[in-house]
Amino acid sequence: MKALASAALVAMTATMAEAQEGEKITIEGEIIDTWCYFSGVMGGPEAVVGSAHHTCALWCSAGGIPVGLLAPDGTVYMVLKLPGTDQLAGGDTALTLASHNVRAEGLHYARDGLNYIMVETVLSDMDITNLNHEDYGVVPGFAIPDDALEN
């Protein structure tokens, strides 16, 4: 019994050490609005990125919806913190980067199939590079309530 408790203590200590140390990574991707991206409320994943979704992404970020970083391989990293602020990445902290394609360096954490990043440095901000408003309009048609179209 004592050996089992010791093994559990060693395993728990190792887990705590892993949880406290992130892996330094450099990653490029678009800063996305995670609510619309995952819920599908505004359409499929291709409709909730880039210029077509920029205004909504600003509102969601200002409202406190967490932002994510969508890598080219489709992996979404929940952004826990952005540089230059003591606040977590939500609210006004992400307004200047919403829908922008960035190259960032930070600490990566993974747990239970989710990826997180504490961004230490935004190495480059390429602005909005996904100009999908030509495909979806400035505001996608499916995002406009039916009763608004009738008036």
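This text leads through a strand barrel, the nonpolar residues packed in cores, and a cavity.

The model is a predicted one, in which local features need pLDDT of at least 70 and side-chain atom pairs count only at pLDDT 80 or more, while totals for chains, interfaces and linings use all residues. Residues are numbered from 1 along each chain as its sequence is written, and side-chain values use heavy atoms, with hydrogens and water left out.

Five strands (DSSP runs of E, at least two residues, numbered from the N terminus) close into a barrel in the order β1-β2-β3-β5-β4, with mixed pairing, where two strands pair if DSSP finds at least two bridges between them. Strand β1, residues 23-33, runs antiparallel to strand β4, residues 101-111, and eight bridges join the two; Glu23 stands opposite His108 in β4.

The largest nonpolar core (buried Ala, Val, Leu, Ile, Met, Phe, Trp, Tyr and Cys residues joined through side-chain atoms within 4.5 Å, buried being under 20% relative accessible area with a 1.4 Å probe, protein chains only) has 15 residues, of which Ile27, Leu69, Tyr77, Val79 and Ile117 touch the most other members. The largest share of this core, three residues, comes from β1. Leu69 touches, among others not counting residues up to four places away in sequence, Ile27, Tyr77 and Val102, contact meaning heavy atoms within 4.5 Å. A second, separate core of nine residues includes Ile32 and Leu70.

Ile32 also belongs to the lining of the largest cavity, together with residues including Ile31, Asp33 and Cys60.

Definitions and conventions. Helix = DSSP H or I, 4+ residues; strand = E, 2+ residues; numbered from the N terminus. Buried < 20%, exposed > 50% of the residue type's maximum accessible area, 1.4 Å probe, protein only. 1 Å grid on protein atoms, 1.4 Å probe; cavity = no way out; pocket = protein on both sides within 12 Å on 5 of 7 lines; lining within 4 Å.
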